[in-house]
Amino acid sequence: NWKEVIKIAAGDKHSVGLKKDGTVLAVGNDFDCQCATFNWKNIIDVSAGGRHTVGLVNDGTVVAIGDNRCGECDVSKWNHIVKIAAGWDFTIGIKDNGTVLATGDNQVGQCLVYGSGRKISVSANRDIVALLSAVGAVFPRGITTGPRGNIYPEYRACLYDWKNIVEVAVGGTHIVGLKEDGTVVAVGKNQYRQCDVANWKLF
């Protein structure tokens, strides 16, 4: 019964809904048991990866279920978490002191979040993580960086030009940021004009 759902998340082939009472619904491909959330309680946030589902419990701990071949569900020891994000086969958590935890696939550096300073929000997709700092700056990880850790030119604006960001969202090959004045910025690959947001004014 998908009534009183207050938040939704979409994985590769499954959908997740967080209900007002803290329980979680999930439907779709359940090959890796990523929809087996029926025992979850006291959940305050959800995120869906490629084939796993992550829930933030109201006591700051994290639960995860589904494909764990890369360790993306190894979150049982996490605590004091306030934000979560699930990528394709990795999971990111932000603690109440602003530090960041990561587990799962790290082939393109998407889990290299340690020592990155205080962060307040995170967004993730297949191979990209975008961390939002308390001062409104965005720090990309994953396929945004080359083999030597240098930021690819199409993503460099996140580090040098973006300021006063209040929300960040990650697509397959691009990052979008909402500024506090209601304007929108985007960087990354633009082969489908997914970064053409210069004229957007959201409020």
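Me: What makes Val108, Asn150, Ile151 and Tyr152 contacts of threonine 145?
Reply: Contact means heavy atoms within 4.5 Å, and threonine 145 is in contact with Val108, Asn150, Ile151 and Tyr152 once its neighbours within four places in sequence are left aside. This is a predicted model, where local features need pLDDT of at least 70, side-chain atom pairs count only at pLDDT 80 or more, and totals for chains, interfaces and linings use all residues. Residues are numbered from 1 along each chain as its sequence is written, and side-chain values use heavy atoms, with hydrogens and water left out.

Me: Why is threonine 145 called buried?
Reply: Buried means under 20% relative accessible area, exposed over 50%, and partly exposed in between (1.4 Å probe, protein chains only). Threonine 145 has a relative accessible area of 17%, so the word is buried.

Me: Where does threonine 145 lie, between β12 and α1 or elsewhere?
Reply: Threonine 145 sits in the loop between β12 (138–142) and α1; helices (H or I, at least four residues) and strands (E, at least two) are DSSP runs, numbered from the N terminus.

Me: And is histidine 80 buried, exposed or partly exposed, and why?
Reply: Happily, that one is quick: histidine 80 has a relative accessible area of 45%, so it is partly exposed. Its place is the loop between β6 (62–66) and β7 (81–86), and its phi is near 60°, a positive value in a residue other than glycine.

Me: Why is asparagine 164 called partly exposed?
Reply: The relative accessible area of asparagine 164 is 37%, so partly exposed is the right term. Asparagine 164 belongs to the loop between α1 and β13, and its phi is also positive, near 60°.

Me: What makes a set of residues a nonpolar core?
Reply: The set must hold buried Ala, Val, Leu, Ile, Met, Phe, Trp, Tyr and Cys residues joined through side-chain atoms within 4.5 Å. The largest such core here has 14 residues, and Val138, Trp162, Ile175 and Val187 touch the most other members. The elements giving two or more residues to this core are β11 (128–133), α1 (157–160) and β13 (165–170). Apart from it lies another core, of 12 residues, among them Val100 and Cys111.

Me: How do you know that the chain is as compact as a globular protein of its length?
Reply: The chain has one helix and 15 strands. Its radius of gyration (taken over C-alpha atoms) is set against the globule rule, 2.2 Å times the number of residues to the power 0.38. The radius is 17 Å, close to the 17 Å that the rule gives for 203 residues, so the chain is as compact as a globular protein of that length.
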